[in-house]
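Dear colleague,

Here is the structure I promised to pass on to you. Please look it over first, and then read my notes below.

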Amino acid sequence: MPRPIAATIHTDALAHNLRRARQAAPNARVWAVVKANAYGHGIERAYAGLSGADGFALLDLDEAQRVRDLGWRGPILLLEGCFESRDLELCSRLDLWHVVHHEAQIDMLAAHKTQAPHRVFLKMNSGMNRLGFRPQHYRAAWQRLSGLTQVDEITLMTHFADADGEGGVAAQVEAFEAATRELPGERSLSNSAATLRFCGGEGDAAQLAADWVRPGIMVYGSAPDFPAHDAAGWGLQPAMTLAAKLIAIQPLQPGDRVGYGGSFTASEPMRIGVVACGYADGYPRVAPTGTPVLVDGVRTRTVGRVSMDMITVDLTPVPSAALGSEVTLWGCGPNGSVLAIDEVARSAGTVGYELMCALAPRVPVSVA
Ligand SMILES: *Cc1c(COP(=O)(O)O)cnc(C)c1O
């Protein structure tokens, strides 16, 4: 028998969450962001659930090739654009749209020989200071691009640094609007957090949704602004479940310690369960005692340190738990129970994004 651990990708949840993005920005087209192998879900596994998108946005050329291999003929956008001249040939061959965030990428385009001109997304650094042209240099970049025979339409784009936080988007929107006011072309601004929090509605909201939104994390069912909102509160469903089973049970007496370093000490008689999931499966090693977990759909907590292949959980709230009991590390448990990946992530001091992306290759994954 294989080790009792498995991940499941929920096609219906992906489709539902994508519809949720559409509902939040009803007049925009929707890029499903599938970088990092669809946030760890697997591009091929997520494709059925996300095929209602207007396009797929990602970073790696080989991921773009995989999306084409799945039969997708619609738009694909390279979010970091081309890294070297050769990449432009693949853009021509696979009909990829690409971000231009740097002068060197315009140089490459200017030297590129192509029959069909490329559709590009010109990125502004409106305050995040990662990729893009500063507002005062943006128009010159636009003019240079629009003079190239290699370039077709230019979409105006920026990315928010704090759409999920208290800072919000106002300052960046203002910088973007001021520098693009007289420029023609479609616009793309919003990630998941901006889509959920600021799109939908008239006026400013419509401007934020603009022509294309770029939801990533929300389509996988994690709340970008947890704990201010949780996934259920945003109407999102978990797209990934990580589940395992109890492979041993230990009765503890007061004073008994658990696991490496003995970091947990029982203060009264209790039972703990040993779960076939550890950090080599992608469960975060830093998750401390008290991290939420479901056993047979009942919420309990981890105790002691996460080891490579196992974690230990408190069975006090689940007296019926036995060898083989189902343990939900995150996602959907038995009888309609749910454990949000964001709760586990928060306990481990990180975000749902990182846990999804870190699902380890040794975990078998199926699509439901
Ligand atoms: C990753 C990414 C997104 C999606 O962000 P989420 O927070 O996952 O919604 C959108 N736009 C760009 C440029 C990105 O790199």
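How many Å lie between a polar side-chain atom of serine 192 and an oxygen atom of the ligand? The distance is 2.5 Å, and please keep in mind, here and in what follows, that this is a predicted model.

To begin with the ligand, 14 residues surround it, and the closest are Lys35, Tyr39, Ser192, Ile217 and Tyr353. Besides serine 192, tyrosine 39 has a side-chain N or O atom that lies 2.5 Å from an oxygen atom of the ligand, and for tyrosine 353 the distance from a polar side-chain atom to a ligand oxygen is 2.6 Å. The ligand by itself would expose 390 Å², and the protein buries 93% of that area.

Turning to the protein, the domain assignment gives domain 1 as residues 11-220 and domain 2 as residues 240-367, with their C-alpha centres 37 Å apart. Where the two meet, 8 residues of domain 1 are in contact with 8 residues of domain 2, and the area buried between the domains is about 770 Å², with carbon and sulfur atoms giving 73% of it. On the domain 1 side, the residues that lose the most area to domain 2 are Tyr39, Arg45 and Ile217, which together make up 58% of what that side buries; Tyr39 and Ile217 also appear among the residues listed as closest to the ligand.

As for polar links across this interface, the rule finds 0 salt bridges between domain 1 and domain 2, and it likewise finds 0 residue pairs in polar contact, counting pairs with both residues at pLDDT 80 or more. By class, the side of domain 1 that touches domain 2 consists of 4 nonpolar, 3 polar and 1 charged residues.

With best wishes

Technical notes: Residues numbered from 1 in each chain as written. Predicted model: local features only at pLDDT ≥ 70, side-chain atom pairs only at ≥ 80, totals over all residues. Heavy atoms only, no water. Domains from an automatic or database assignment. Contact = heavy atoms within 4.5 Å. Buried area = accessible area lost by both parts, 1.4 Å probe. Salt bridge = Lys/Arg side-chain N within 4 Å of Asp/Glu carboxyl O. Polar contact = N/O pair within 3.5 Å; in protein donor to acceptor, adjacent residues only side chain to side chain. Nonpolar A, V, L, I, M, F, W, Y, C, P; charged D, E, K, R; others polar. Near = heavy atom within 4 Å. Areas by Shrake-Rupley, 256 points an atom, 1.4 Å probe, with all protein chains shown as cover.
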